[in-house]
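Visitor: I should like to take a close look at a single part of this protein. Please describe how its helices are arranged and where they meet.

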Amino acid sequence: MGSFSIWHWLIVLVIILLVFGTKKLRNIGSDLGGAVKGFKDGMKTNEEAKTEQIQSQTPATAEKTVDVQAKDVNKS
């Protein structure tokens, strides 16, 4: 039972088309595509929410600015 040739896969495809019909397979394909698109949109929304949460937790950099003068204490 090795790998199948292209003819085996074509026969399987024809049998699937006969059993389910092209309309049913088209509906399954569009449903699957919609599910993948919804998943990607959900992941984008989740990533955007995480970045907004991180940005709201860290204070602005302008509030952290410190002016200092460095002096070399080891110089003689």
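Guide: Directly after helix 1 comes G21, a residue whose phi is positive, near 85°. The model in which this is seen is a predicted one. Helix 1 itself covers residues 6-20, which is 15 residues. From its first C-alpha to its last, helix 1 reaches 21 Å, close to the 21 Å expected at 1.5 Å a residue.

Beyond G21 lies helix 2, residues 22-57. Two packed helices are described by the angle between their axes and the distance between the axes. Here the angle is about 95°, and the axes of helix 1 and helix 2 are 6 Å apart. Because angles of 65 to 115 degrees count as roughly perpendicular, helix 1 is roughly perpendicular to helix 2.

At the meeting place, helix 1 contributes I16, L17 and F20, while helix 2 contributes T22, K24 and L25. By class, this contact holds four nonpolar residues, one polar residue and one charged residue.

As for the whole protein, its secondary structure consists of two helices and zero strands. Buried residues account for 0% of its 76 residues. Its accessible surface is about 7700 Å², and 61% of that belongs to carbon and sulfur atoms.

Technical notes
Residues are numbered from 1 along each chain as its sequence is written. This is a predicted model: local features need pLDDT of at least 70, side-chain atom pairs count only at pLDDT 80 or more; totals for chains, interfaces and linings use all residues. Side-chain values use heavy atoms; hydrogens and water are left out. Helices (H or I, at least four residues) and strands (E, at least two) are DSSP runs, numbered from the N terminus. Buried means under 20% relative accessible area, exposed over 50%, partly exposed in between (1.4 Å probe, protein chains only). Accessible areas come from the Shrake-Rupley method with a 1.4 Å probe; for residues, only the protein chains shown count as cover. The expected span of a helix is 1.5 Å times one less than its number of residues. Axes are lines fitted to C-alpha atoms, for helices over the stretch in contact, and angles run from 0 to 180 degrees between N-to-C directions. Angles under 35 degrees count as roughly parallel, over 145 as roughly antiparallel, 65 to 115 as roughly perpendicular and the rest as oblique. Contact means heavy atoms within 4.5 Å. Ala, Val, Leu, Ile, Met, Phe, Trp, Tyr, Cys and Pro count as nonpolar, Asp, Glu, Lys and Arg as charged, and the others, Gly among them, as polar.
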